[in-house]
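Trainee: Could we look at this structure together? I would like to ask about a few of its residues.
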Amino acid sequence: MKPKFFLLLAAFALLIAPAGCIFSPDDEGGGGETPPPKELPWPGSADDLMKNFQTIYETMDINEYRKIMHPDFLTILQQTTTDEFPDVGTTLDVNEELRIHERMFSGDALTDPDGIFVPGVASINFDKFLALDTWVVSPQDDIIPNAEWAPFDVVFLFDRGQNFSTLKVAGTIKFYVTSKDSVHQGSTKKYYQMIGQVDLTNLD
C-alpha cells in the first residue's frame, strides 16, 4: 500500500466500516474523569470560526465539530482520491464527514472490511494553518457558490502512537464558510459555520 494514501484509506475505512468492527484497547476503563472542555468563543467572523476549527481538531472534540458544520456542508475530493476510492464518489456530505470524525476523534483503532488493521489517532497538531488571502464571496458558478472562502496553507500532524509513524498532511485547503443571524447573550450576532472545503493537500 502506498503510504501517501494510508490516511485516506483509514478515513474511508472509518466511513464504511460497520460499527462492530471498532475496538479500543482501553475499553476496560481506568483513570479519572475527563474534565469537560471549555466553551469555545462565539464564531462571529470567519477568522473566529477557523480558530475554533483548529481548537476542535487539536482537542478532538466531536461535539463542537458538529456545531460548526453547516447542514449543506460538502468536501470536494481530489481526482487522485476519487481514482483511489471510486466507491466513495467525488464529494463527502455532512453526514459522511461527521461519521469519519466521530471515529477519528475517538482515538479507537479498527479493522476495515478487508480485515486490515487501522491504528487510531492519538493526537492531532496543526504545524501550520495560515490564510493565504482575504475572505471573498464565491461566485454563483463556483463549486460552492455564494459563500465566503479563503485558501489556507496547512500542515497537519496525525500522531498514531509510539508504534506507528506520525502522518503529515500538507498543502492547500480552500475553506468555505457561511453565516446567519443568531441571538447570543441577548444580542443578534453573526454565527459562522463551515459549509465546504476543497482538498488540495498531499500526504507524507
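Trainee: Is Glu97 buried or exposed, and which side chain of opposite charge is nearest?
Mentor: Glu97 is buried (under 20% relative accessible area, 1.4 Å probe, protein chains only). Glu97 has no salt bridge (a side-chain nitrogen of Lys or Arg within 4 Å of a carboxyl oxygen of Asp or Glu), and the nearest side chain of opposite charge, Arg99, is 12 Å away. This is a predicted model, where local features need pLDDT of at least 70 and side-chain atom pairs 80 or more, while totals for chains, interfaces and linings use all residues. Residues are numbered from 1 along each chain, and side-chain values use heavy atoms, without hydrogens and water.

Trainee: Which side chain has a polar contact with Glu97?
Mentor: That of Thr75, at 2.5 Å. A polar contact is a pair of N or O atoms within 3.5 Å, one able to donate a hydrogen and the other to accept it; residues adjacent in sequence count only through side-chain atoms.

Trainee: Where does Glu97 lie?
Mentor: In helix α5, a DSSP run (H or I, at least four residues). Other buried residues of α5 include Leu98, Met104 and Phe105.

Trainee: What span should α5 have?
Mentor: Its 13 residues, 94–106, should span 18 Å at 1.5 Å a residue, and the end C-alpha atoms are 18 Å apart, which agrees. The expected span is 1.5 Å times one less than the number of residues.

Trainee: Changing topic, how many residues are in the largest nonpolar core?
Mentor: There are 34, and Phe105 and Ile124 are among those touching the most other members. Such a core joins buried Ala, Val, Leu, Ile, Met, Phe, Trp, Tyr and Cys residues through side-chain atoms within 4.5 Å. The largest share, 6 residues, comes from α2.

Definitions and conventions: Helix = DSSP H or I, 4+ residues; strand = E, 2+ residues; numbered from the N terminus. Buried < 20%, exposed > 50% of the residue type's maximum accessible area, 1.4 Å probe, protein only. Lys, Arg positive; Asp, Glu negative; His and termini not counted.
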